[in-house]
Amino acid sequence: MKPTVVILAAGLGTRMKSGLAKALHPLAGRPLLQHVLEAVSGLAAGKTVVVLGHQADRVRKIAEGYNAAIALQTEQLGTGHAVMQAQEVIAAAKGPVLILCADTPLLTTATLRSIVELHAASRAAVTVMTAVVQEPFGYGRVVRGKGGITRIIEEKDATTAQKKINEVNAGIYCFEQRFLLEALKSIKNTNAQGEYYLPDTITLARKKRLVVAGLVCGDPDEVMGVNTRVDLSRAEDIMRTRINRAWMLAGVTMLDPNATFIGSEVTLGSDCILYPNVRLEGKTAIGKGCTLFSGSRILDSTLGNDVTIKDCSVIEQASISDNASVGPFAHLRPGSVIGARARVGNFVEIKKSTIGEGSKANHLAYIGDATVGKDVNIGAGVITCNYDGFEKFPTIIEDGVFVGSDSQLVAPVRIGRGALIGAGSTITKNVPADALAISRSPQDLREGFAARRRKMKQKK
Ligand code: UD1
Ligand code: CA
């Protein structure tokens, strides 16, 4: 039977020392809660409900993205109390209830499946996932006695001897529905933290001589709980290793996988080469055979095949077609569309503009709100003056135009096909096709002036 899933995400996460609710802290570019929802989405689960409290609106948005229901816990009185807030959904459940925490982002679907399967096979009232760890500090310890697990004791309630136990509660449980509803009513908050502990349901099951099953997770990393920023950085490390390994196995070269940062939602084609300190974020999609040199950050952008991004470029919400080259030190801002074989070079900034096939802006330019055709050459230092302090205006540069260096194109303005703009011009009026426009002041020439001046200065 399909399990109903309850995810606990109401806590602030005091140990994070943060204004941001723990479930919202990003790991590999996506909130902790979302990682758990992803693992659940691979499972053929029934209804999923997220228990939220702190920063409920933001947490709700993430839950809704996965069609999960929500239950509000206005006061955080403990994990047992949190589950109680979802009792309506639990009461309506037709199968087992799988309970997870939002702060175990490294969980995989396979592990969730294995606890659901063991629970069904063992006919247990509750099946709890445990892990044997080197550093059990902070976790609930698993006390085993005759007939298996007898109870879970929290760090703050544990004796010195119990603190030495290195089998810990992973915070992942599968419950028989009726037992859970009953048990939740009977747990008390008489403990060091004054909270209603969900693991106390295990003691109850044993009292009632019901079966308590335990599943030791083979990979303790997978069930690690993120409680502090130190845990968060460890989780980031493990997640990065996982993501990078998968991409390398899919045919991507990384010169230093420890210094390559790829978000969970990024995709890459085969034969890409990633130099150290490349960051790929958001919904970035990279085609085949692209080379990304060091120090570049690419966010929510699409790259075609065989694109080269030279060192230290920042690319945000842009799209770059096949065989184009960007950088070094280029900035593509949102709405930049770079055509096939185009070149955007050193210290060039582009915003909300289309650069046509084979066009070049190789040095020190600002192109904003512009439509640039094919095979256009934009010289060094060219600027589109797109803003008058109040409004933005468009610049249109048609196919085959040559814009000489250090020119300013004062928008709105259109440069016709094949036109030539003389270097150093300030263009304020439309230029027809194939014309030359030049607005430089005429050059004054005085023969021998420099030599005479030198002589005069030297005499003094
Ligand atoms: C919990 C377990 C501990 C286990 C560990 C595994 C309890 C009492 N302890 O401890 O045995 O080893 O997880 O990682 O269950 N939450 C709410 N509402 C609340 C309290 C917590 O929604 O009132 C949520 C939190 O947002 C979090 C999860 O429950 O996602 C776990 O809470 P946390 O405070 O991190 O529990 P731990 O102390 O880690
Ligand atoms: Ca925790």
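These questions and answers cover the ligand site and two sheets of a predicted model.

Biologist: Where does ligand 1 sit?

Modeller: The model is predicted, and pockets were sought on the protein atoms alone. A molecule sits in a pocket if more than half of its atoms lie within 2 Å of the pocket's grid points. By that test, ligand 1 sits in the largest pocket.

Biologist: Which residues come nearest to ligand 1?

Modeller: The shell takes residues with a heavy atom within 4 Å. There are 24 residues around ligand 1. Those that come nearest are Gln 73, Gly 78, Thr 79, Glu 154 and Asn 169.

Biologist: Which atom of ligand 1 does the polar side-chain atom of Gln 73 lie 2.7 Å from?

Modeller: Take the oxygen contacts before turning to Gln 73. A backbone N or O atom of Ala 10 lies 2.9 Å from an oxygen atom of ligand 1. A polar side-chain atom of Thr 79 lies 2.7 Å from an oxygen atom of the ligand. For Gln 73, the partner at 2.7 Å is a nitrogen atom.

Biologist: How much of the area that ligand 1 exposes when taken alone does the protein bury?

Modeller: Start from the ligand by itself, with 760 Å² exposed. Then add the protein. The buried part is 90%.

Biologist: Which element gives the largest share of the shell around ligand 1?

Modeller: Strand E1 (4–9), helix H3 (79–84) and strand E10 (167–175) each supply at least two residues. One of them supplies three residues, the largest share. That element is E10.

Biologist: How many residues of the shell around ligand 1 are charged?

Modeller: Split the shell by residue class. Nonpolar residues number 11, and polar ones nine. The charged residues number four.

Biologist: Why is one side of strand E14 and of strand E38 left without a neighbour in the sheet?

Modeller: The open sheet of nine strands pairs in parallel, in the order E14-E17-E20-E23-E26-E29-E32-E35-E38. Strand E14 (267–268) and strand E38 (413–415) stand at its edges, so each has a single partner strand.

Biologist: In E23, which residue is the bridge partner of Thr 302?

Modeller: Two bridges join E20 (residues 302–303) to E23 (residues 319–320), and these strands run parallel. In E23, the partner of Thr 302 is Ser 319.

Biologist: Which are the edge strands of the open sheet of 11 strands?

Modeller: Its order is E12-E15-E18-E21-E24-E27-E30-E33-E36-E39-E41, with parallel pairing. An edge strand here pairs on one side only. The two are strand E12 (253–254) and strand E41 (436–437).

Biologist: Which residue in E33 stands opposite Lys 360?

Modeller: Strands E30 (residues 360–363) and E33 (residues 377–378) run parallel, joined by two bridges. Opposite Lys 360 stands Asn 377.

Key. Residues are numbered from 1 along each chain as its sequence is written. Chains are lettered from A and ligands numbered from 1 in the order in which they are written. This is a predicted model: local features need pLDDT of at least 70, side-chain atom pairs count only at pLDDT 80 or more; totals for chains, interfaces and linings use all residues. Side-chain values use heavy atoms; hydrogens and water are left out. A polar contact is a pair of N or O atoms within 3.5 Å; within protein, one must be able to donate a hydrogen and the other to accept it, and residues adjacent in sequence count only if both atoms are side-chain atoms. Accessible areas come from the Shrake-Rupley method with a 1.4 Å probe; for residues, only the protein chains shown count as cover. On a 1 Å grid over the protein atoms alone, a cavity is a set of points where a 1.4 Å probe fits but cannot get out, and a pocket is an open set with protein on both sides within 12 Å along at least five of seven lines; lining residues have an atom within 4 Å of a point. Helices (H or I, at least four residues) and strands (E, at least two) are DSSP runs, numbered from the N terminus. Ala, Val, Leu, Ile, Met, Phe, Trp, Tyr, Cys and Pro count as nonpolar, Asp, Glu, Lys and Arg as charged, and the others, Gly among them, as polar. Two strands pair if DSSP finds at least two bridges between them.
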